[in-house]
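Here are some short exercises on charge pairs and overall fold, each with a worked solution. Have a look at the structure, then try each task before reading on.

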Amino acid sequence: CMPGPDPQHLYAASARSITRGEVIPMCEFRGQVLFIANTAANCGFTPQYEQLQAMNDRFGGPDLKVLGFLTNDFGNQGGTLDEIEQCTDDYMVTFEQFAHVGVQSRSRQGQHPIFRWLTTQEGFEGDVPWNFSKFLVSHRGRLLGRWDQGIAPDAPEVIRAIESALSDAALRGPGE
């Protein structure tokens, strides 16, 4: 895929997929609604994997992709490979998961370009405060919503925003 003219855009970035075992360019997801979460295998919010998976089961497919990005920015809670595999099994995770990335601007490993883009979009600026922050990106690559860890993936306002994004994508098509 072609990343597009803006080297700072989400679609210009790539990340290593744990699911596929290879680096995946984000432009592969152009034309799809994206629900992105920074995740962790050893966090008090880890049970949100269950709701993320339920969202993937309900909405996932060619129109919406749930993408989980592990992080160790909050006290090495991302987990070891064995802990991640156990968590994946426990919550029966089938959505795309990516290897540990820096999600904060002050991350020891540096803020990953995907999260730099997500946290600098007008109206949604600010560092990721903790694991399981969530972002909704339109099929046209525009950030539509952001929810921190205290808002569950299946909260009514999140579901409404996803349904609206999917409806807009269906009405307008990928290129519009």
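**Exercise 1.** In this predicted model, decide where R20 stands on the scale from buried to exposed, then find its partner in a salt bridge.

*Solution.* Start with accessibility: R20 has a relative accessible area of 35%. Buried means under 20% and exposed over 50%, so R20 is partly exposed. Next, look for the partner: the side chain of R20 meets that of E96 in a salt bridge, at 3.0 Å from N to O. R20 sits in the loop between β1 (14-16) and β2 (23-25), while E96 belongs to strand β5 (residues 96-98), so the pair ties together parts 76 residues apart in sequence. E96, at 11%, is buried. Finally, widen the view: R20, E28 and E96 are linked in a network of salt bridges.

**Exercise 2.** Which residue forms a salt bridge with R58, and which helices does the pair tie together?

*Solution.* The partner is E163, with the closest N and O atoms 2.9 Å apart. R58 lies in helix α1 (residues 48-59) and E163 in helix α4 (residues 156-172), so the pair joins parts 105 residues apart in sequence. R58 has 53% relative accessibility and counts as exposed; E163, at 35%, is partly exposed.

**Exercise 3.** Check the chain's radius of gyration against that of a compact globule.

*Solution.* For 176 residues, a compact globule would have a radius near 16 Å. The chain has 15 Å, which agrees. As a further step, take burial: 49% of the residues count as buried.

Methods: Residues are numbered from 1 along each chain as its sequence is written. This is a predicted model: local features need pLDDT of at least 70, side-chain atom pairs count only at pLDDT 80 or more; totals for chains, interfaces and linings use all residues. Side-chain values use heavy atoms; hydrogens and water are left out. The radius of gyration is taken over C-alpha atoms; the globule rule is 2.2 Å times the number of residues to the power 0.38. Buried means under 20% relative accessible area, exposed over 50%, partly exposed in between (1.4 Å probe, protein chains only). A salt bridge is a side-chain nitrogen of Lys or Arg within 4 Å of a carboxyl oxygen of Asp or Glu. Helices (H or I, at least four residues) and strands (E, at least two) are DSSP runs, numbered from the N terminus.
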